[in-house]
Amino acid sequence: MIAQLVFLILFVAGVGLFARKISSIARNIRLGRSEDRTDQPARRWNQMIRVALGQGKMLSRPVAGFFHVLIYLGFILINLEVLEIVLDGLLGTHRLFKPMLGSFYAVIIGFFELLAVGVLLACVVFLWRRNVQRLERFHKPELSGWPFLDANLILIIEVVLMGAFLMMNIAEANMPEHGGYLISKPLGFLLEGVSEGGLHTIERVAWWGHIVGILAFLNYLPYSKHFHILMAFPNTWYADTVPSGQIPVMESVRKEVSLMLDPNADPFASPAEPTHGEQPSRFGARDVTDLSWKSLMDAYSCTECGRCSSVCPANMTGKKLSPRSIMMKTRDRLEDVGRALDEGKELGSDGKFLLGDYITAEELQACTTCQACVDACPVLINPLSIITELRRYQSMEAGLQPNEWKSMYTNIENNGAPWQFPAADRLGWAESSKN
Ligand code: SF4
Ligand code: SF4
C-alpha cells in the first residue's frame, strides 16, 4: 500500500509538472503573430504522417536515419509497456497484462526487448559519432556548452532507461516462477548465482529506476532538444503548404504597389483610411512577438541536428550565419521572454530584442535565401522565414540594410530593375542580342 501511495505521488507530481511546463510553452508560442494554418487538412495529415510518423526525411542520410528510426521506434513502442508499469504501480499488481494476453504477452515483451537492444546500439553509435568520430556538424560554435552536453545527456539517459528495462527482465528470467523473454532469457547468465532475494531486489530497483527515470526524462524533455520527439507532430501538421521558395507577400505592401501601378487610380486622392487590423503594427520582425506563432513553434521543434547548416552555402563558406543557430537563438529569446512573464514582468521590459541582442545583422546579411536549409530540415522547419522577417524589419523600418542594398532598392523603385539602367533598356538589349 505504501509503495502504491509513493508511486501515485511520484506519478501525479511528474505528470503535473510536465503539464505545467507544456502550458507555459503553449503560452509562449501564442505570443507570436496570429496566422491561419488550418487550410487543406487532408494534405496536412498526409504531411504529418509521412514526415513525423513515417520519418520520411530522415533516411536522406542513411546511417543517421537508420539509427534515428531505431531510437524513435523504441521510444514510441516501448512506452506502450510503460502503460503496464503505471497500472501495476497504481494497482499494486505485477505484470497486469500477462494473464490477459496469455502466450502473446511473451511475444510482445520479446519484441520490446529487441527494440531496447536496438535503441542501446543506436545510442552507442550516436555517442561515438559525437564524441569519438567528432562529426563536424556536431562541433560548430552554436553547439558548444549546454547544447553539446544536452545531446550527450539524452543519449546516456536512454541507455540507462533501456538498461533498467532489460535488467528488470533479466532478473525475472532467473526466477523459477517467471522465466525470461526473447533477449532477457539468453542474457540470464549475467545474474547467474544471485540469490532469490538478490534477484527480487535487482528487479524492484530496475522497475523503480525505469519508471522514475521516465517521469524525470518527461520533465527534462521541454528543456532539451529532445522535445522535438513531441513537437515534430504538430510542427509538421502546421508546416508550409505553399510551394518551397514562395516568400509570403505583405498584404499592406501589395495593396500599395497595386494602387501605384493602377492607371485608373487618382494620383491626388488621399490614401484610404486603413480598416481595423489592416495596418501592420510592424514591418517584419524585431522581436519574437513580431514573428508568426509557427516560427515560434519551429524554434521549439528544432532537433539541433545541423542538417540545415551543413547545406547552407553561407555557413559552408565560413560566414557567421547558421540556420540552426537562428532557430536556437529564437528559442532562447522566447524562453527569456516567457520567463520574464512568469515573473510578472511586462512584455519587452528587459529592453532586449531578438534582432541585435540574439541574432546579429551580420548573420542575416549572409543569407542568400536559397532555401537549402528549409529543404534539408527533417521536421519541416523554416529558418528562412525568421531571417526574411528580421530582414524586412531591418530594411523597411530600421533602415539598417547595407548601402549596396539601399542603392539596389532605389534602382528597383526608379528603374524597375536592380541596376542603374531602366528595365526597358535591359529588355531592349536582350531583344537585340537575339539578332
Ligand atoms: S536560405 Fe539562407 S540560411 Fe538557409 S541555407 Fe540558404 S543561405 Fe543558408
Ligand atoms: S532547423 Fe531543422 S535541420 Fe536545422 S538543426 Fe533544426 S531540426 Fe535540424
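Which domains does the domain assignment of the chain give? Before I answer, please keep in mind that this is a predicted model, and that everything I say about it this morning is computed from that model. The assignment gives domain 1, covering residues 55-237, and domain 2, covering residues 282-419. The C-alpha centres of domain 1 and domain 2 lie 37 Å apart, and the contact between them draws on 16 residues from domain 1 and 17 residues from domain 2. On the domain 1 side, helix 8, which is residues 228-237, is the element that gives the most to the surface touching domain 2, with six residues. By class, that side of domain 1 has eight nonpolar, three polar and five charged residues.

Let me step back to the chain as a whole. Its secondary structure comes to 19 helices and zero strands, and the C-alpha trace spans about 95 × 55 × 40 Å along its principal axes. Of the 435 residues in the chain, 29% are buried. If we take the contacts with a separation of 6 or more, 75% of them are accounted for by residues 24 or more positions apart.

Now back to helix 8, since it also packs against helix 2, residues 41-53. A pair of packed helices is described by the angle between the axes and the distance between them. Here the axes of helix 2 and helix 8 come within 7 Å and cross at roughly 145°, and the crossing is right-handed. From helix 2, the residues that take part are Arg44, Gln47, Met48, Val51 and Ala52, and they meet Ala232, Phe233, Thr236 and Trp237 in helix 8. Sorted by class, this contact has six nonpolar, two polar and one charged residues.

Next, the ligands, beginning with ligand 1. Among the 15 residues around ligand 1, those that come nearest are Cys312, Cys367, Cys370, Ala372 and Cys373. The elements that give two or more residues to this shell are helix 12 (313-316), helix 16 (372-376) and helix 17 (383-398), and helix 17 gives the most, with three residues. The shell around ligand 1 has twelve nonpolar, three polar and no charged residues.

How many residues surround ligand 2, and which are the closest? There are 15, and the closest are Cys302, Cys305, Cys308, Arg324 and Cys377. Helix 11 and helix 13, the latter being residues 323-342, each supply at least two residues of the shell around ligand 2, with helix 13 giving the most, namely three residues. The shell around ligand 2 divides into ten nonpolar, two polar and three charged residues.

Cys302, one of the closest residues to ligand 2, deserves a look of its own. Cys302 lies in the loop between helix 10 (293-301) and helix 11 (307-311). Is Cys302 buried or exposed? Cys302 counts as buried because 25 other C-beta atoms lie within 10 Å, where 20 or more are required. Leaving aside its neighbours within four places in sequence, Cys302 is in contact with Lys225, His228, Met327, Met328, Arg331 and Ile381. Cys302 and Pro378, although 76 residues apart in sequence, are 9.4 Å apart in space, C-alpha to C-alpha.

Two residues in the loop between helix 15 (361-365) and helix 16 call for comment on their backbone, namely Thr369 and Gln371. Most residues other than glycine have a negative phi. Thr369, however, has a positive phi of about 50°, and Gln371 likewise has a positive value, near 75°. As for their surroundings, Thr369 is exposed, with 12 other C-beta atoms within 10 Å, whereas Gln371 is partly exposed, with 14.

I will finish with a residue from helix 7, residues 196-220, and that residue is Ile214. Ile214 counts as partly exposed because it has 19 C-beta neighbours inside 10 Å. Apart from neighbours within four places in sequence, Ile214 is in contact with Val82 and Leu161. The C-alpha atoms of Ile214 and Val117, which are 97 residues apart along the chain, are separated by 17 Å.

Key:
Residues numbered from 1 in each chain as written. Chains lettered and ligands numbered in written order. Predicted model: local features only at pLDDT ≥ 70, side-chain atom pairs only at ≥ 80, totals over all residues. Near = placed C-beta within 6 Å. Helix = DSSP H or I, 4+ residues; strand = E, 2+ residues; numbered from the N terminus. Nonpolar A, V, L, I, M, F, W, Y, C, P; charged D, E, K, R; others polar. Domains from an automatic or database assignment. Contact = placed C-beta atoms within 7 Å. Axes fitted to C-alpha atoms, helices over the stretch in contact; angles between N-to-C directions. Left-handed = near helix turned anticlockwise from the far one by under 90°.
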